[in-house]
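Let's walk through this structure together, starting at a pocket and then following one of the elements that line the pocket wall.

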Amino acid sequence: MNVREERTLQREEMLAREHAATAPLVDVDGVANEGWPTREHLDQIRAHHGDRVQRYAKIGSVADCTPDATEAFRRLRHETLTAERLAVIGLRNDGTISDDVLHRLEHELDVEALRLGIGERRV
């Protein structure tokens, strides 16, 4: 696969991600009228998917959307996830948070790493 094909696939993937992130926003409005979801949950879902749409739009607008740039971003995100993990482990180690809270937060970090397709250094 050449660079042009790779860029085309990346742009296609970003369009699909944006479309997939936007679709639930329309569906949430329909579900809101059914009466069973709480206003707070609807707001959380809208914020979550709105953030995803914005994130994909920013990534898709970057002119330097090459495989090297994508890998550099993943590497940077890997470093920040590792820093977050070490920070919450430190809070648990000094007694600020419990093991249960640590495990919940680690799970969220694991999910984010899986979403990005990156591994993390486990401590």
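In this predicted model, helix H2 gives the largest share of the lining of the second largest pocket, with five residues. H2, which runs over 39–61, is joined by helix H4, 99–116, and each of these supplies at least two residues of that lining. If you would like to find the site on your screen, look for Ala47, His48, Asp51, Arg52 and Arg55, together with Glu108, Val111, Glu112 and Arg115. The space they line amounts to about 190 Å³. In character, the lining of this second largest pocket consists of six charged residues, two nonpolar ones and one polar one.

Now let's turn to H4 itself. Its 18 residues should span 26 Å at 1.5 Å a residue, and the C-alpha atoms at its ends are indeed 26 Å apart, so expectation and model agree.

Which residues of H4 are buried? They are Leu102, Glu106, Leu109, Ala113 and Leu116. These residues cover an arc of only 75° around the axis, and therefore lie on the same side of H4. The spacing behind such a pattern is a familiar one: an α-helix has 3.6 residues a turn, so residues three or four places apart point the same way.

Turn the helix around, and the face of H4 directed away from the buried side shows the exposed residues Asp100, Arg104, Glu108 and Leu114. Glu108 is one you have already met, as it is among the residues that line the second largest pocket.

Finally, follow the chain past H4 and you come to Gly117, which has a positive phi, near 75°.

Terms used
Residues are numbered from 1 along each chain as its sequence is written. This is a predicted model: local features need pLDDT of at least 70, side-chain atom pairs count only at pLDDT 80 or more; totals for chains, interfaces and linings use all residues. Side-chain values use heavy atoms; hydrogens and water are left out. On a 1 Å grid over the protein atoms alone, a cavity is a set of points where a 1.4 Å probe fits but cannot get out, and a pocket is an open set with protein on both sides within 12 Å along at least five of seven lines; lining residues have an atom within 4 Å of a point. Grid points are joined across faces, edges and corners, and a volume is the space filled by probe spheres set on the points. Helices (H or I, at least four residues) and strands (E, at least two) are DSSP runs, numbered from the N terminus. Ala, Val, Leu, Ile, Met, Phe, Trp, Tyr, Cys and Pro count as nonpolar, Asp, Glu, Lys and Arg as charged, and the others, Gly among them, as polar. The expected span of a helix is 1.5 Å times one less than its number of residues. Buried means under 20% relative accessible area, exposed over 50%, partly exposed in between (1.4 Å probe, protein chains only). The arc is that of the directions from the helix axis to the C-beta atoms.
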